[in-house]
Amino acid sequence: MRMVRPTVEQLRANYEMLRSLPPFSRWEMPPVERVEFVLKGIRRRRHKGDKPLRGQCVYLGRKRWRVYVAPHRELYGVVATLAHEMVHIHEDVAKLPWSTRRGRYIHGPSFQRAADEVCRELGFPRACF
Ligand SMILES: [Zn+2]
């Protein structure tokens, strides 16, 4: 199957584009130098009902992050996934309260409010977040 596999440079350029647009431009998003990008499929122990991960964001400490983006069938999905992972960075930077269920991170109310804003301003369908 044909897949869209952006290069690290292309992911960096997309990050910069999103970072320059509201709501990200109003948030204190780290400069691209503080974010590592990795294009790869993401494997993890699956739990019943989990959707496959299309991206993942890992805080590395010292105000640095690593963002994984899986290849997607459509470019649109790559950009939406990157925007989703950027909301996670925003959660860290703005110290939004995390929500967990049985010790696992979940996309709680703070994430959802920020995602609402991203979707409203940039036109991503809310369901893709
Ligand atoms: Zn997420």
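**Exercise 1. Find which element of the protein chain has the lowest mean pLDDT and which has the highest.**

Solution. Among the elements, strand S5 (residues 104–106) has the lowest mean pLDDT, 92, and H1 has the highest, 98. Here pLDDT is the predictor's confidence in each residue, from 0 to 100. Helices (H or I, at least four residues) and strands (E, at least two) are DSSP runs, numbered from the N terminus. For the protein chain the mean pLDDT is 91, and 91% of its residues reach 70 or more.

The model is predicted: local features need pLDDT of at least 70, side-chain atom pairs count only at pLDDT 80 or more, and totals for chains, interfaces and linings use all residues. Residues are numbered from 1 along each chain as its sequence is written.

**Exercise 2. Give the strand order of the open sheet of three strands, and explain why one side of S1 and of S2 is left without a neighbour.**

Solution. Step one: the order is S1-S3-S2, with mixed pairing; two strands pair if DSSP finds at least two bridges between them. Step two: strands S1 (35–39) and S2 (55–61) are at the edges and have a single partner strand each, so each has one side without a neighbour in the sheet. Step three: from one strand to the next, the twist averages 20°.

**Exercise 3. Describe how S2 and S3 pair.**

Solution. S2 and strand S3 (residues 64–69) are antiparallel, paired over six bridges. Cys-57 stands opposite Val-67 in S3, and Val-58 has Arg-66 in S3 as its bridge partner. The hairpin of S2 and S3 has two residues between the strands, and Arg-62 takes a positive phi near 50° there.

**Exercise 4. Place helices H1 and H2 against the strands.**

Solution. Helix H1 (residues 8–19) lies across S1 and S3, running at about 130° to S1. Angles run from 0 to 180 degrees between N-to-C directions, and axes are lines fitted to C-alpha atoms, for helices over the stretch in contact. Helix H2 (residues 75–93) packs on the sheet and touches S2 and S3, with its direction at about 30° to that of S2.

**Exercise 5. List the residues of H1 and H2 that meet.**

Solution. From H1, Leu-11, Asn-14, Tyr-15 and Leu-18 meet Val-79, Leu-82, Ala-83 and Met-86 of H2. Contact requires C-beta atoms, placed from the backbone, within 7 Å. The axes of H1 and H2 come within 10 Å and cross at roughly 65°.

Notes: Contact = placed C-beta atoms within 7 Å.
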